[in-house]
Amino acid sequence: MQLTQQLVQLAAEEQQNPLIPPGPELVIGLVTFAIVFFFLGKKLLPNINKVLEERRAAIEGGIEEAEAMKVEAQSVLEQYKAQLAEARHEAARLRQEAQEQGATLIAEMRAEGQRQREEIVAAGHAQIEADRKAAASVLRQDVGKLATELAGKLVGESLEDHARQSRVIDRFLDGLDEAASTAEAAR
């Protein structure tokens, strides 16, 4: 009989569902689960939530900071563009001033060159006139000497007297001047 009881007990044990634990194990498992759940709910979960909240705040702060930096960068870019436009305007103004100064300088140099040219031309005319008078004087003397020598040879006497010689020469040259004036008037 004992054997039969053991067989019945074995059969009963075999019919028990292996997925459902025995009663005492189930109670111990539920108590342990409640302790772990309580520990997670009171200690670990707030710490996890705190860390997640800090990470969310850091990410949101980073986004806000990036937005602020973007706005600041846009502002700096606008300032640089304004400065660049102002520098270009200033460069154009300086170029215009340089062109105006260059034109003024060229005009002054032309006027100075014209004045110097006129001075040189006037000095040249004065030099030519002085050379012409000197040449006329030398020519009068040479013509006078030649005329005196020629007249002396023709007359046969010496016309060495200086006063007489000057009068003869002057009369001769005056006669030549009158002849030249008459010829010019006839033209």
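Being four residues apart in helix 2, Glu119 and Arg115 are separated by about one helical turn, and their side chains meet in a salt bridge (2.2 Å, N to O). A salt bridge here is a side-chain nitrogen of Lys or Arg within 4 Å of a carboxyl oxygen of Asp or Glu. Let's look around the rest of the chain, with two notes on reading the model.

This is a predicted model, where local features need pLDDT of at least 70, side-chain atom pairs count only at pLDDT 80 or more, and totals for chains, interfaces and linings use all residues. Residues are numbered from 1 along each chain as its sequence is written, and side-chain values use heavy atoms, with hydrogens and water left out.

**Overall build**

- The chain has three helices and zero strands, so read from the N terminus its elements run α-α-α (helices, H or I with at least four residues, and strands, E with at least two, are DSSP runs numbered from the N terminus).
- Helix 2 covers residues 23-155, while helix 1 covers residues 2-15.
- Of the 187 residues in the chain, 4% are buried (buried means under 20% relative accessible area, exposed over 50%, and partly exposed in between, with a 1.4 Å probe and protein chains only).
- The chain's accessible surface is about 16,600 Å², and carbon and sulfur atoms account for 62% of that surface (areas come from the Shrake-Rupley method with a 1.4 Å probe; for residues, only the protein chains shown count as cover).

**Confidence**

- The chain has a mean pLDDT of 82, with 82% of its residues at 70 or more (pLDDT is the predictor's confidence in each residue, from 0 to 100).
- Where is confidence lowest, and where is it highest? Helix 1 is lowest, at a mean of 63, and helix 2 is highest, at 87.

**The annotated span**

- An unreviewed UniProt entry carries the annotation "transmembrane region" for residues 26-45 (positions are given in the numbering used here, feature names are shortened, and annotations may be inferred rather than shown by experiment).
- In the model, residues 26-45 are 100% helix and 0% strand, and the end C-alpha atoms of the span lie 26 Å apart.

**A nonpolar patch**

- Val36, Phe39, Leu40, Leu44, Leu45, Ile48 and Leu52 make a nonpolar surface patch of about 600 Å².
- Patches are made of residues with over 30% relative accessible area and no salt bridge; like charges are joined within 9 Å, and nonpolar side chains (Val, Leu, Ile, Met, Phe, Trp, Tyr) within 5 Å.
- Leu52, one of the patch residues, lies in helix 2.

**An aromatic pair**

- How many aromatic pairs does a search of the whole structure find? The search finds one (rings of Phe, Tyr and Trp, the last by its six-membered ring, pair if their centres lie within 6.5 Å; planes under 30 degrees apart count as stacked, over 60 as edge-to-face and the rest as tilted).
- The ring centres of Phe33 and Phe37 are 6.2 Å apart and the planes are at 25 degrees, so this pair is stacked.
- Phe33 and Phe37 sit four residues apart in helix 2, about one turn of the helix, and both are exposed.

**Salt bridges**

- Side chains of opposite charge can pair when their charged atoms come close.
- The whole structure holds seven salt bridges.
- One of them joins Glu53 to Arg56, with the closest N and O atoms 2.1 Å apart; these residues are three apart in helix 2, about one turn of the helix.
- Arg56 also meets Glu60 in a salt bridge (2.7 Å, N to O), and Glu60 and Arg56 are four residues apart in helix 2, about one helical turn.
- Are these residues buried, exposed or partly exposed? Glu53 counts as partly exposed because its relative accessibility is 40%, as does Arg56 at 37% and Glu60 at 36%.
- Back at the opening pair, Glu119 is partly exposed at 44% relative accessibility, and Arg115 is partly exposed with a relative accessible area of 38%.
- Through shared partners, salt bridges join Glu53, Arg56 and Glu60 into one network.
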